[in-house]
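Please work through the exercises below with the sequence and the model at hand. Each task is followed by its solution.

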Amino acid sequence: MYDSTSALAPPATDDLDPLTRPFPGATPYDAYVRASVLNTLQQPFTEAPDEMGFLVTTQVMELWFTLIVHEWRTAKTAFAKDELHAAMDALVRSRRALTALNAAWAPLAALTPAQFNGFRAAFGRASGFQSAMYRHMEFLLGDKSAGMLRLHEGDAAVHEGLGETYRDTSLYDEVLRLLHRRGLPVPEHVRDRDVTATYTSDPGVVETWRQVYTGPQHDPLLALGELLTDIAELVTRWRMDHVMVVRRAMGTKTGSAGSTGLAWLERRAARPVFPELWEVRGGV
Ligand code: HEM
């Protein structure tokens with residue numbers, strides 16, 4: 001049981017004086033969190049009451065994208081080194097981040113067209129379509145696109161960073177290579193594929209997962225398959241929630257980046273993440 005008098009307990013005091021003694025400069029909290037920088041970044045373009053919620057939600061989502069990309073890179077490196085447990089730990093952390101990301105839609109979920117129109121024109125051609133961190137996520141999932149990379153050519157640092165993720169193996173490529181090293185039959189043309197091409201479903205990989213899913217129920221590779229399925233589902237849920245928000249806030253209007261809007265997003269949301277993990281379920 002927790003003993004508040006033990007030497008290990010934090011030095012609790014009702015006296016605020018020692019805690020409120022000023023620091024010579026910024027607080028250690030601010031030196032670490034950079035809150036005073038972070039909290040200067042919310043600059044709405046209008047006085048519309050709903051714009052702050054839109055901007056903050058978008059920024060919060062960017063931060064979750066950053067964490068998810070970090071965890072997927074950690075997992076990818078661990079898979080390449082055959083460190084299955086470390087890779088799965090990172091994927092579990094990313095699953096929690098994805099859950100938090102999806103919960104972040106709440107402030108926008110019921111935006112009406114009139115509320116959205118209150119600030120939409122002010123941001124002009126800006127669109128989440130231009131989010132480089134979201135594109136890192138998609139590239140890591142295996143959804144590569146030279147066009148999505150080209151979009152960022154005007155910003156050298158962003159373009160270079162995204163280019164590395166584009167040219168590198170995806171998270172799923174590394175998973176499939178690990179499965180092969182563990183004795184599962186992953187076809188050679190999949191293992192040696194051009195990693196800059198969008199990953200598409202392969203019947204040989206459906207067979208790989210079929211062997212995992214019909215094998216021992218406590219095989220860690222089955223747990224890996226389910227963890228990847230959770231991630232695929234959460235990514236798809238983000239896309240579908242986005243579609244729902246768009247449908248409520250702007251109906252069938254054209255998107256600010258220039259797409260057809262809703263119809264385009266519905267097609268994007270329908271793309272399966274880790275396709276064979278869904279196909280295998282029909283044949284087990
Ligand atoms: C009222 C809220 C929102 C509306 C009406 C909206 C609308 C749209 C539309 C119409 C597109 C298609 C591209 C275009 O032509 O612009 C799009 C793409 C996108 N939006 Fe949103 N969006 C909203 C909120 C958000 C938020 C909060 C984020 C978080 C960063 C976001 C991220 C994205 C991303 C990543 C794409 C590209 C999707 C892909 O490439 O498949 N959106 N959005």
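The exercises concern the ligand site and the largest cavity of this predicted model.

**Exercise 1. Identify the protein donor of the iron atom of the ligand and the element in which it is placed.**

Solution. Begin at the iron atom: its only protein donor is His242, through NE2, at 2.1 Å. Next, locate this residue in the fold: His242 is in helix α12. Finally, inspect the rest of its side chain: a polar atom there lies 3.0 Å from a nitrogen atom of the ligand.

**Exercise 2. Describe the shell around the ligand by contacts, elements and residue class.**

Solution. First, list the residues: there are 28 around the ligand, and those that come nearest are Ser127, Arg135, His242, Ser259 and Arg268. Second, examine polar atoms: a side-chain N or O atom of Ser127 is 2.8 Å from an oxygen atom of the ligand, and a polar backbone atom of Ala257 is 2.9 Å from a ligand oxygen atom. Third, assign elements: α3 (51-80), α6 (132-141), α12 (220-250) and α13 (262-269) each give two or more residues to the shell. Of the elements, α12 gives the most, with six residues. Fourth, sort by class: the shell has 17 nonpolar, nine polar and two charged residues.

**Exercise 3. State the volume of the largest cavity and characterise its lining.**

Solution. Start with the volume: the largest cavity holds about 30 Å³ of space. Then name the lining: Asp173, Leu176, Arg177, Val190, Arg191 and Arg193. The elements giving two or more of the lining residues are α9 (171-181) and α10 (188-191), and α9 gives the most, with three. By class, four lining residues are charged, two are nonpolar and none is polar.

Technical notes. Residues are numbered from 1 along each chain as its sequence is written. This is a predicted model: local features need pLDDT of at least 70, side-chain atom pairs count only at pLDDT 80 or more; totals for chains, interfaces and linings use all residues. Side-chain values use heavy atoms; hydrogens and water are left out. A polar contact is a pair of N or O atoms within 3.5 Å; within protein, one must be able to donate a hydrogen and the other to accept it, and residues adjacent in sequence count only if both atoms are side-chain atoms. Helices (H or I, at least four residues) and strands (E, at least two) are DSSP runs, numbered from the N terminus. Ala, Val, Leu, Ile, Met, Phe, Trp, Tyr, Cys and Pro count as nonpolar, Asp, Glu, Lys and Arg as charged, and the others, Gly among them, as polar. Donors are N, O and S atoms within 2.8 Å of the metal (3.2 Å for Na, K and Ca); water is not among the atoms, so sites may look incomplete. On a 1 Å grid over the protein atoms alone, a cavity is a set of points where a 1.4 Å probe fits but cannot get out, and a pocket is an open set with protein on both sides within 12 Å along at least five of seven lines; lining residues have an atom within 4 Å of a point. Grid points are joined across faces, edges and corners, and a volume is the space filled by probe spheres set on the points.
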